[in-house]
Structure formats: C-alpha cells, structure tokens
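Here is a short briefing to read with the model open beside you. It looks at helix packing and at charged side chains.

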Amino acid sequence: MKHGLVMQGGAMRGLFTAGVIDVLMENNIVFDAAVGVSAGAAFGCNYKSRQIRRAIRYNTRFCRDKRYCSAWSLIRTGDMFGAEFCYHTLPEKLDIFDKDAFNASPMDFWVVCTDITTGKAIYHKCGDICYDELEWIRASASLPLAARVVEVGGHRMLDGGIADVLPLRFMESRGCERNVVILTQPRDYVKQPTSMMKLIKVRYRKYPELIKAIGNYHKLYNSETKYIFNAEKEGRAFVIAPTEKLPVGHIEHDPDIMREAYRIGRRVANENLESLQSFLAEK
C-alpha cells in the first residue's frame, strides 16, 4: 500500500507545516510520494532532502532581510519574496539545500502550479535539483499581485493553490491509497471570496481563465476540504490541522511569531503521532 503526503500552502502559515514534518522526520515516518502547494512546496521539499529544522532556521534568520521579503523587494523586482535571493542565493549559498540527498531519496516529490493561460493546475514531479527545478517550486509559491509570472517548462505560471489548493485527489490518482493531509487553517475554516478581484481583473486582464479561477478559489477550497474530511471518515486520509487560527499571516517579520507557528505545528504533530503511526501501519 502506497502512502502519500499532501501539504497545503498559506505563505508563512506554512511554518505550521514545517513543524509537523520535522516531527514526522524525527520519528522516521516515510512516504512513497509527497505533493506541496505554494509554501507546502517551498518548505515541504525539505522532507525529501531530510533537512530537519531547515525551514524554521532560514525563515527566522532572514525574515527581516529586505531581499527575502519586503515591499522594497516587490517594488524593485516585482516579487514580494525576492526570487533570486529566496530560491537561488539562499539555498545555494546561505542555508544549503542538500541537492544530493534530495536527488537520492526514493520519495516522489510533486509541486502544483497554475497555468495562467488555462487557469488549470499543472503537476510537476521534481527531478534532480537544478535551476529550473527550483523555479518550479518558486512558481508554485508565486502569489497573485505579490509575484511575477514564472516561465519554466514552456508554461507561464503562478501559485498552485489557485487551481488545486489541496491535491488529495491527485495523490490518489498516483496510487497513494492512504494519505496524510496537512492543513494550515483550522478544520472549521470556511473560505470567503477574495476582496481583491478588482485588482486581479486589472492586473491579469489578458488572462480571463486565470481571473475565473481566482474568482472561484473560495468554492474550490471549501469543496476540497469537504472531500478531505469525507476521505478521513472513510479511513483514506489522516488530517493534521491547527486547532485554532495561527498567529502568523501571509507575511511575517517577527521571528518569535514564526517560532510560535512552528512550535504549534510540532505540538499538534506530537499529539497526533501515535494515531498517525497506527493509520500508516494499517493494511
């Protein structure tokens, strides 16, 4: 029986996920495949490289660096989270991403991006880490209005969550019969329509399918969480979620708040650890 891991995005709420997956790695829990969306891709790739605490380490180290995340970066480069700094300088020079360990791991690692022409999800299986593979991860985490469109693999893309925010169905289609799903919102969270549609329509006026997808995002989110909770009831999924709203938002420059979101993830993971191990052990 194949086991899969699904990691939701949420920008800095992804530090909750970082805390969860560090506990799972510390307890030698392995998966056949994992899929990350947005921050779930950017932080979740550390699962395949087995780099415990890397995500919380570099986020707290660089959270006040204007090259990492700032209005200065947005104005200067077009990206709130500096593209070259975050996805190339940092992992290649400042907090080294273990490419050899990632490439050697037998776990498949997928990222979800949104094609801005079709408004549909693109699922990319990361191969040996190189510049383009890091660009796929960047594309998955490129928030509308806060990032430039990423061009790689013949596609023009933005945040994967627009088209498939919680890709449990995708993992099931890959043959993963039991999946662990990490949410970054509480179980009772209901997504509301975005308040930014006027700006979205102006900024992306040449991409009507993208505008449509963003306009329907709240419906997609609520539909996919319903599917996940039904899968949980049927014993096909194990859901890990914060018990209440996390203290961190999309953007955060306070390392103490980042550490708190991470600690919450670790606590929730430890509280669920025994049940999770039983779930994965069932035949």
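Buried means under 20% relative accessible area, exposed means over 50%, and partly exposed covers what lies in between. Keep those cut-offs in mind for the salt bridges below, and remember that this is a predicted model. The structure holds 16 salt bridges, and a few of them are picked out here together with one pair of packed helices.

**A bridge with an exposed partner**
- Glu151 and Arg156 pair through their side chains in a salt bridge, at 3.3 Å from N to O.
- Arg156 has 29% relative accessibility, so this residue counts as partly exposed.
- Glu151 reaches 56% relative accessibility and therefore counts as exposed.
- Elsewhere, salt bridges with shared partners link Arg54, Arg57 and Asp95 into one network.

**A bridge inside helix 7**
- Arg138 and Glu135 also meet in a salt bridge, with 2.8 Å between N and O.
- Both residues belong to helix 7 (residues 131-140), where they sit 3 residues apart, about one turn of the helix.
- Arg138 counts as buried because its relative accessibility is 8%.
- Glu135 is buried too, at 7% relative accessibility.

**A bridge between Arg67 and Asp65**
- The closest N and O atoms of the salt bridge between Arg67 and Asp65 are 2.7 Å apart.
- With a relative accessible area of 19%, Asp65 is buried.
- Arg67, at 40% relative accessibility, counts as partly exposed.
- As general background, side chains of opposite charge can pair when their charged atoms come close.

**Helix 3 against helix 5**
- Helix 3 (residues 54-62) packs with helix 5 (residues 83-94) at an angle of about 110°, and their axes are 13 Å apart.
- Angles of 65 to 115 degrees count as roughly perpendicular, and helix 3 and helix 5 are therefore roughly perpendicular to each other.
- On the helix 3 side, the contact is made by Arg54, Tyr58, Arg61 and Phe62.
- Helix 5 contributes Phe85, Leu90, Pro91 and Leu94 to this contact.
- By type, the residues of the contact between helix 3 and helix 5 are 6 nonpolar and 2 charged, with no polar ones.
- Arg54 is worth finding on screen: this residue is part of the helix 3 contact with helix 5, and Arg54 also belongs to the salt-bridge network with Arg57 and Asp95.

Terms used. Residues are numbered from 1 along each chain as its sequence is written. This is a predicted model: local features need pLDDT of at least 70, side-chain atom pairs count only at pLDDT 80 or more; totals for chains, interfaces and linings use all residues. Side-chain values use heavy atoms; hydrogens and water are left out. Axes are lines fitted to C-alpha atoms, for helices over the stretch in contact, and angles run from 0 to 180 degrees between N-to-C directions. Helices (H or I, at least four residues) and strands (E, at least two) are DSSP runs, numbered from the N terminus. Angles under 35 degrees count as roughly parallel, over 145 as roughly antiparallel, 65 to 115 as roughly perpendicular and the rest as oblique. Contact means heavy atoms within 4.5 Å. Ala, Val, Leu, Ile, Met, Phe, Trp, Tyr, Cys and Pro count as nonpolar, Asp, Glu, Lys and Arg as charged, and the others, Gly among them, as polar. A salt bridge is a side-chain nitrogen of Lys or Arg within 4 Å of a carboxyl oxygen of Asp or Glu. Buried means under 20% relative accessible area, exposed over 50%, partly exposed in between (1.4 Å probe, protein chains only).
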